[in-house]
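User: I am a first-year student, and I would like a close look at a single part of this structure, the strand pairing in one of its sheets, with whatever else can be said around it. Please take it slowly and explain the reasoning as you go.

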Amino acid sequence: MEAFVWITRLGSFRAAAEKLSITQAAISNRISSLEQDFNTRLFDRDAREIRLTFDGRLLLGYAERMLELSREMSSIGRTGANIAGVVRIGVIETIVHTWLINFLRRVQEMYPGIELQLTSESTRRLHEQLRQGELDLALQTDSVIGDGIRNTPGGSIAMGWVGRAADWPAEMPPVTLAQLARLPIFTMNRGSQPHCALIQLCEAEGVPTPRIHCVSSISAIVRLAQAGFGIAVLPLAPARDAISNGVLRVIPCTSPLTPQRLMVSYSADLTTEAIQLVAKLACEEAALFARNLEPEYGFNAGMAEAAHAENKTDRSQ
């Protein structure tokens, strides 16, 4: 049943074999046995894809319910100390520089038997890895569309313009987008929320697209801005140390940038409790960070409460 469910979710025998750490031949044998037990074919196969048959679609609902019941039964009488498993987590740079450490510390304290495998990638890459079954949990900026994937909003962080403090007076009137667009601008990867927010703002204001340098590392962007190579568009919370120390200054602009949303997306794996527990802690830590974030860095009570409410709704499902 487990092999059957993962084939339907990941779309191939090969991906399911990798997920379950067995050979593709073993996966094929399990499906053959299942088809013999029910005296029916479960998949239509061709060179490019596999599709569930009518009987396969009927069986899938039962299989998912059986695995969920099995997981619930196995959790009876268990405490955090004796829950074990491996959870593969992917995060974006913004979270690395904000609430990741507190989140990892909570997981370690509450579930010492859970092993975490961590990687940092762009949102686009994390979406691919989660859909392909290479990750169990993605902490990033947008909902992931895919079978068996759940999404919970994690609040928002203000985005802004920052530059070297020596180049921008402390008490200065707001400047226009057109004025800022004449300068070299650093921001995150092409297609990221900061990059898209900048492009969309220029289009909305009728300002020609400026010269944009895309950099994958927030730390590198901060250092480039500190050195005076240009100004930066980025989420403000990861740069708050440099801002509060007076090295960087937030540049007031007459055209505000859209805040960066955060999203907790995870596989609704019916076979392991560890993923669900770690995802729950991630949702809680994201909401806690949003509630405690200083107003100038993007505290948004509505987003924090929405994240909390959706988290409750998600768990009830």
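Analyst: In this predicted model, strand S8, which covers residues 185-187, is joined to strand S9 by three bridges, and the two strands run parallel. One of the places where you can follow this pairing residue by residue is Ile 185, whose bridge partner in S9 is Ile 212. As background, the strands of a sheet pair through backbone hydrogen bonds, and they may do so either parallel or antiparallel.

The pair belongs to an open sheet of five strands, in which the order is S9-S8-S10-S7-S11 and the pairing is mixed. If you trace that order from end to end, you begin and finish at the edge strands, S9 (212-214) and S11 (248-251), each of which pairs on one side only. Neighbouring strands in this sheet are turned against each other by 35 degrees on average, with direction ignored.

From the sheet we can turn to the second largest pocket, which has a volume of about 260 Å³. Its lining is made up of 18 residues, and those closest to the pocket centre are Ser 122, Thr 123, Met 188, Asn 189 and Ser 192. Helix H5 (93-96), helix H7 (123-131) and helix H9 (193-205) are the elements that give two or more residues to this lining. Sorted by class, the lining holds eleven polar, four charged and three nonpolar residues.

The cysteines deserve a careful look as well. A disulfide is a covalent bond between the sulfur atoms of two cysteines. Here the count comes to zero disulfides, and Cys 202 shows what that looks like for a single residue, since the nearest cysteine sulfur, that of Cys 253, is 9.3 Å away, whereas a disulfide would need the two sulfur atoms to be within 2.5 Å. Cys 202 has a relative accessible area of 1%, and because buried means under 20%, this residue counts as buried. The reasoning is the same for Cys 283, which at 5% relative accessibility is also buried.

A serine gives a useful contrast to these cysteines. Ser 70, which lies in helix H4 (residues 54-74), has 43% relative accessibility and therefore counts as partly exposed, a class that lies between the 20% limit for buried and the 50% limit for exposed. Ser 70 also shows how the fold brings distant parts of the sequence together, in that Ser 70 and Thr 272 are 202 residues apart in sequence, yet their C-alpha atoms are 9.6 Å apart in space.

Definitions and conventions:
Residues are numbered from 1 along each chain as its sequence is written. This is a predicted model: local features need pLDDT of at least 70, side-chain atom pairs count only at pLDDT 80 or more; totals for chains, interfaces and linings use all residues. Side-chain values use heavy atoms; hydrogens and water are left out. On a 1 Å grid over the protein atoms alone, a cavity is a set of points where a 1.4 Å probe fits but cannot get out, and a pocket is an open set with protein on both sides within 12 Å along at least five of seven lines; lining residues have an atom within 4 Å of a point. Grid points are joined across faces, edges and corners, and a volume is the space filled by probe spheres set on the points. Helices (H or I, at least four residues) and strands (E, at least two) are DSSP runs, numbered from the N terminus. Ala, Val, Leu, Ile, Met, Phe, Trp, Tyr, Cys and Pro count as nonpolar, Asp, Glu, Lys and Arg as charged, and the others, Gly among them, as polar. Buried means under 20% relative accessible area, exposed over 50%, partly exposed in between (1.4 Å probe, protein chains only). Two strands pair if DSSP finds at least two bridges between them. Axes are lines fitted to C-alpha atoms, for helices over the stretch in contact, and angles run from 0 to 180 degrees between N-to-C directions.
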